[in-house]
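Subject: Structure for your files, with notes

Hello,

Here is the structure we talked about handing over. My notes come after it.

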Amino acid sequence: MKPRIGITPSPTQDVLAHGTFERYAMARPYVDAVLAAGGVPIVLPPHDGDAGALLDILDGLLLSGGGDVEPARYGEPTIHPATYGIHPLRDRFEAALLAGAFERDLPTLCICRGIQVLNVALGGTLVQDIADQLATPVQHRQQENGLATHDIGHDVDVAADSPLARVFGVERVGVNSYHHQAIMRLAPDLVPVASAPDGVTEAVVLPGKAFVVGVQWHPELMFERHPEQLKPFLALTEATSAQKLATLNR
Ligand code: MN
């Protein structure tokens, strides 16, 4: 059986002839990447309910990109003017999914906003606006340099012998960059495994779990032009197969 990968969507306000409707939008590239990695994509609509009931029908979890995490979730009472797209229900839902995924040791890949949600869930904090709060020569919003979504915005250095080095097989990877926030204080249990030339944390892993990886870039927007960027998705689906075997043998 193919691994069932739950993907979290982003809320949108869709203006139609008969009104404006809040919807949960699933960006197609995540679906394409999960399919290309041999998984079955399943969209997980945010709600206050039993996140565990969803996790029980999944083999793996993918937290997607999107708007900013509510700063109160990491103990910051002030909302920076550049912070946007706060959606407390999505924040709560993804935190509940992560808690349940850790309990079940469900393989989990966290992309862009996802790495930030992961860091906050484990007690870390975020830079609310890189341009305002970090003096950096690196452009982390590559659209401002006129680059396309699949273009390489900057390199990341991958920690030698880390789980991410095993995923990519090299220690320098070109990545795209579409974030105005970043990890500030790393959560105590997370280990940084890749960084941009300015020191911004671009990937983390959670040791002690089968597979919990966060990346600050968007591999799903790159893998068609840069096949190595399918590797994080392949690592996710491969980890789900290993977990199933481990469960059977328990
Ligand atoms: Mn970046």
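The notes below cover the sheet, the metal site, the salt bridges and two backbone angles.

Please keep in mind that this is a predicted model.

The sheet

Nine strands make up an open sheet of mixed pairing, in the order β4-β1-β5-β6-β13-β12-β11-β8-β9. Its edges are β4 (40-43) and β9 (172-175), each of which pairs on one side only. From one strand to the next, the twist averages 25°. Strand β8 (residues 154-158) runs antiparallel to β9, and 4 bridges join the two. In one of these strands sits histidine 154, whose bridge partner in β9 is valine 175.

Two helices pack on the sheet. Helix α3 touches β5, β6 and β13 (212-215), and its direction makes about 150° with that of β5. Helix α4 touches β5, β6, β12 (201-205) and β13, with a direction at about 115° to that of β6.

The metal site

The model holds a manganese ion coordinated by His140 through ND1, His154 through NE2, Ser177 through OG, His179 through NE2 and Glu202 through OE. The distances run from 2.2 to 2.3 Å. Along the chain, these donors follow the spacing H-x13-H-x22-S-x1-H-x22-E. His154 is thus named twice in these notes: as a donor to the manganese ion and as the bridge partner of valine 175. As for exposure, serine 177 is buried, with a relative accessible area of 0%. Histidine 179 is buried as well, at 4%.

Salt bridges

A search of the whole structure gives 11 salt bridges. I describe some of them here.

Arginine 28 pairs with aspartate 32, with 3.2 Å between the closest N and O atoms. Both residues lie in helix α1 (residues 28-36), and because they are 4 residues apart there, about one helical turn separates them. Arginine 28 counts as exposed because its relative accessibility is 62%, above the 50% cut-off.

Arginine 104 forms a salt bridge with aspartate 56, at 2.9 Å from N to O. This pair links distant parts of the chain: arginine 104 belongs to helix α3 (residues 88-104), while aspartate 56 is in the loop between α2 (51-55) and β5 (60-63), 48 residues apart. Aspartate 56 is exposed, at 54% relative accessibility, and arginine 104 is partly exposed, at 31%.

Arginine 104 also meets the side chain of glutamate 103 in a salt bridge, at 3.9 Å from N to O. That distance counts because the limit is 4 Å. Glutamate 103 is exposed, with 69% relative accessibility.

There is also a network of salt bridges linking Arg90, Asp91, Glu94 and Arg113.

Backbone angles

Two residues other than glycine have a positive phi and are worth a look on screen. For aspartate 105, phi is near 50°. Aspartate 105 is in the loop between α3 and β6 (108-111), and at 21% relative accessibility it counts as partly exposed. For cysteine 112, phi is about 55°. Cysteine 112 is in the loop between β6 and α4 (113-121) and is buried, at 6% relative accessibility.

Regards

Terms used:
Residues are numbered from 1 along each chain as its sequence is written. This is a predicted model: local features need pLDDT of at least 70, side-chain atom pairs count only at pLDDT 80 or more; totals for chains, interfaces and linings use all residues. Side-chain values use heavy atoms; hydrogens and water are left out. Buried means under 20% relative accessible area, exposed over 50%, partly exposed in between (1.4 Å probe, protein chains only). Donors are N, O and S atoms within 2.8 Å of the metal (3.2 Å for Na, K and Ca); water is not among the atoms, so sites may look incomplete. Two strands pair if DSSP finds at least two bridges between them. Axes are lines fitted to C-alpha atoms, for helices over the stretch in contact, and angles run from 0 to 180 degrees between N-to-C directions. Contact means heavy atoms within 4.5 Å.
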